[in-house]
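Hello,

Here is the structure I promised to pass on to you. Have a look at it first, and then read on for what I found in it.

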Amino acid sequence: MSFVIRTVSRTADGREIVRPVTLAQDSIAIGRDASNDVHLADLAVEPFHARLTLIPGGKLRVESVGGLGFALDGRTTQRAEVDPDKGAELRFGGHLLTIGSDGDNVIVRVERTAAVSDATGDKDERTAFSLKGLLPGKRTGAWTFAALVLAAFLIAPLWSWASYSTAKTRPAGFHADTAWSSGPLSKAHHALEGNCQACHDKAFVSVEDSKCVACHTGVHDHADPKRQVAAMAAPDFGKSVGNAFKVAFGKPTGQRCVDCHSEHEGAGPMPATAQAFCTDCHATMKARLPDTKLANAGDFGRDHPAFTPLRVDGGLKFPHDTHLSKVNGVARMAQTMPADFGGKRDGPGMVCADCHSPTADGVRFLPVDMEKNCQSCHSLGYDRVAGTVRTLKHGDVAQAVADVRALGWRPTVAPSMLAGRRRPGENAPASQGARPASADALFVRGGACYDCHVIERTGDAATNGWRVAKVTQPMRFMAKGWFDHKAHATESCSSCHNAAASKSASDLLIPAIGAVGDKNGATCRSCHGGEASASKVPSSCAMCHDYHLDSQAPWRPTGAARRTIALAERRKP
């Protein structure tokens with residue numbers, strides 16, 4: 001047998017609406033809780049009040065499962081058996097359940113016949129669960145609340161601001177106009193926490209750039225203001241509407257310091273600049289400034305021009321491949337002279353760190369120094385006196401020529417220390433004490449200066465008509481971009497610089513940007529993607545470029561570099 005529950009409700013004109021539900025089960029639960037088969041929304045009914053169960057003989061057992069009973073044909077009881085064929089009436093609070101049968105089905109008709117009850121008497125169902133009458137009316141409450149908001153967040157802050165508008169600093173304590181602040185100042189401006197007038201000197205007027213440059217005197221514009229305005233893309237509809245509101249409320253619409261440097265974002269470092277701040281101009285700038293030398297740049301991962309690093313004539317003859325070889329005389333000398341190459345070697349040959357030393361902050365590398373990095377192999381000794389070797393002064397051609405001239409004219413018995421200078425790995429000549437016949441030996445093939453430097457002829461008598469080309473070792477090749485070697489310390493030198501294959505000092509060993517989607521090879525896009533990249537290190541404009549174009553590193557939040565390194569490590573194949 002099954003239960004058919006027919007829930008009856010009535011319209012305003014008395015018409016019945018019956019909603020039947022058939023349950024193919026042996027028992028049904030009755031109560032106020034919504035999980036019951038018969039849900040009675042009445043405070044006089046317990047959450048789980050009673051259960052109807054079919055028993056042998058076609059009868060129905062009704063039993064209370066809580067502390068309250070129920071009414072059966074006018075009598076209150078806790079347990080009873082009824083015959084569906086004969087019918088019965090069960091009352092639970094203000095609801096009447098009529099039991100009947102229809103063939104093999106038990107019919108349970110559920111109808112509310114009285115007002116829903118609660119502890120204070122019979123009330124309408126809408127008011128039984130309402131706080132109406134215990135609180136002020138909606139209109140009174142709304143006007144009262146509006147008045148409180150105006151008093152707390154407009155009148156009181158205005159009074160507080162007017163009270164201290166001429167004071168340089170405010171006394172400690174609560175000030176009502178702090179309700180207008182969106183948060184504490186950043187660490188950089190923490191000293192101004194009690195001096196609102198340092199930036200906000202006019203009521204309801206945005207902070208002006210003049211307030212910023214009053215302290216930040218060394219900051220200059222990004223570009224010529226007129227060209228900068230011409231480079232900006234026309235505002236879309238949304239930005240046009242925003243600009244209209246700015247004009248209406250006296251807020252400047254042009255580029256301002258606070259567009260990039262937002263404040264009151266919390267007591268930590270200032271947030272990094274979003275990429276859109278740059279790409280609003282630079283993504284399509286060529287279309288508005290055809291004469292600009294800058295290429296369009298919209299996103300590092302998909303729309304960024306190739307690098308244009310600084311190219312210089314270094315004035316040196318230096319093959320990296322010879323010095324990094326693992327099998328030639330240089331490699332052998334590195335093995336036999338461990339004290340001059342940082343102690344015990346893990347393998348044959350020199351390594352980058354033998355010549356290249358990082359700066360104190362680890363960002364760049366110091367220029368290679370002859371006395372410190374080269375002289376252990378490339379000696380400038382030219383004479384020996386009682387066991388002491390006299391050396392030429394590196395970098396001063398006139399002094400070197402004078403020192404050699406001071407030796408006087410002596411015929412060469414064997415290759416001298418200058419004209420027949422040893423290369424790393426070669427054996428010493430039989431007679432090491434012979435002296436050069438002339439200072440010219442320094443500047444011809446095999447001479448101490450010739451093998452490493454570009455030699456030029458001049459008319460200067462002090463140098464015998466010789467000149468060594470100026471050596472240039474730039475510490476920064478990306479004049480418009482920033483690169484931090486320390487942030488890439490987890491990588492090896494060779495992962496970016498293919499120095500082992502370079503045969504000339506003129507080779508520029510800076511890696512290329514790489515193709516879009518590049519995953520292999522020593523290119524920047526192998527690891528770095530655009531600002532929203534999920535598969536590579538997210539790299540926005542502010543990671544490498546500084547808006548104010550000074551010599552300092554682009555500003556990044558504290559810990560951002562460490563998080564970038566950690567992310568790159570996790571994404572290594």
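Alanine 386 is exposed, because its relative accessible area is 83%, and the cut-off for that word is over 50%. In this predicted model, alanine 386 sits in the loop between strand E15 (381–385) and strand E16 (388–391). Its backbone is worth a look too: phi of alanine 386 is near 50°, a positive value in a residue other than glycine. As background, most residues other than glycine have a negative phi.

Asparagine 464 is another residue other than glycine with a positive phi, in this case near 60°. You will find asparagine 464 in the loop between strand E17 (455–457) and strand E18 (466–468). With a relative accessible area of 23%, asparagine 464 is partly exposed.

That loop brings me to alanine 398, which belongs to helix H12 (residues 397–405). Along the chain, alanine 398 and asparagine 464 are 66 residues apart, and their C-alpha atoms are separated by 8.4 Å. Which residues does alanine 398 touch, once those up to four places away in sequence are not counted? They are Ala462 and Thr463. Alanine 398 has 30% relative accessibility and therefore counts as partly exposed.

Some totals for the chain may help you get your bearings. There are 573 residues, and buried ones make up 30% of them. The secondary structure comes to 13 helices and 20 strands. About 35,000 Å² of the chain is exposed, with carbon and sulfur atoms supplying 58% of that area. If you take the contacts between residues at least 6 apart in sequence, 48% of them join residues at least 24 apart.

Now to the strands at lower residue numbers. Glutamate 111 is part of strand E12 (residues 105–112). Is glutamate 111 buried or exposed? Its relative accessibility is 14%, so glutamate 111 counts as buried, the cut-off being under 20%. The side chain of glutamate 111 is joined to that of arginine 10 by a polar contact of 2.8 Å. Arginine 10 is also on the list of residues that glutamate 111 touches, along with Val8, Gly94, His95 and Leu96, if residues up to four places away in sequence are not counted.

Strand E12 has a link to proline 20 as well. Proline 20 lies in strand E2 (residues 16–23), and its C-alpha atom is separated by 9.5 Å from that of valine 108, which is 88 residues apart from it along the chain. Proline 20 has a relative accessible area of 55%, so it is exposed. Leaving aside neighbours within four places in sequence, proline 20 is in contact with Ile5 and Arg6.

For a helix residue, try leucine 158 in helix H2 (residues 138–164). Leucine 158 is partly exposed, at a relative accessible area of 32%. Residues up to four places away in sequence not counted, leucine 158 touches Trp180 and Phe204. The C-alpha atom of alanine 203 is separated from that of leucine 158 by 8.7 Å, with their positions 45 residues apart along the chain.

Next, a pocket. The second largest pocket holds about 590 Å³ of space. It is lined by 24 residues, and the closest to its centre are Met232, Lys239, Gln255, Asp259 and Asp280. Two or more lining residues come from each of helix H5 (237–248) and helix H7 (276–282). Which element gives the most to this lining? It is H7, with 5 residues. By type, the lining of the second largest pocket divides into 10 nonpolar, 7 polar and 7 charged residues.

Finally, have a look at glutamine 275, in the loop between helix H6 (257–260) and H7. Why does glutamine 275 count as buried? Its relative accessibility is 7%, and buried means under 20%. The side chain of glutamine 275 reaches the backbone oxygen of glycine 298 at 3.2 Å. Residues up to four places away in sequence aside, glutamine 275 touches Gly298, Asp299, Glu531, Ser539, Ser540 and Cys541.

I hope this makes a good start for your own look around.

Best wishes

Key
Residues are numbered from 1 along each chain as its sequence is written. This is a predicted model: local features need pLDDT of at least 70, side-chain atom pairs count only at pLDDT 80 or more; totals for chains, interfaces and linings use all residues. Side-chain values use heavy atoms; hydrogens and water are left out. On a 1 Å grid over the protein atoms alone, a cavity is a set of points where a 1.4 Å probe fits but cannot get out, and a pocket is an open set with protein on both sides within 12 Å along at least five of seven lines; lining residues have an atom within 4 Å of a point. Grid points are joined across faces, edges and corners, and a volume is the space filled by probe spheres set on the points. Helices (H or I, at least four residues) and strands (E, at least two) are DSSP runs, numbered from the N terminus. Ala, Val, Leu, Ile, Met, Phe, Trp, Tyr, Cys and Pro count as nonpolar, Asp, Glu, Lys and Arg as charged, and the others, Gly among them, as polar. Buried means under 20% relative accessible area, exposed over 50%, partly exposed in between (1.4 Å probe, protein chains only). Contact means heavy atoms within 4.5 Å. Accessible areas come from the Shrake-Rupley method with a 1.4 Å probe; for residues, only the protein chains shown count as cover. A polar contact is a pair of N or O atoms within 3.5 Å; within protein, one must be able to donate a hydrogen and the other to accept it, and residues adjacent in sequence count only if both atoms are side-chain atoms.
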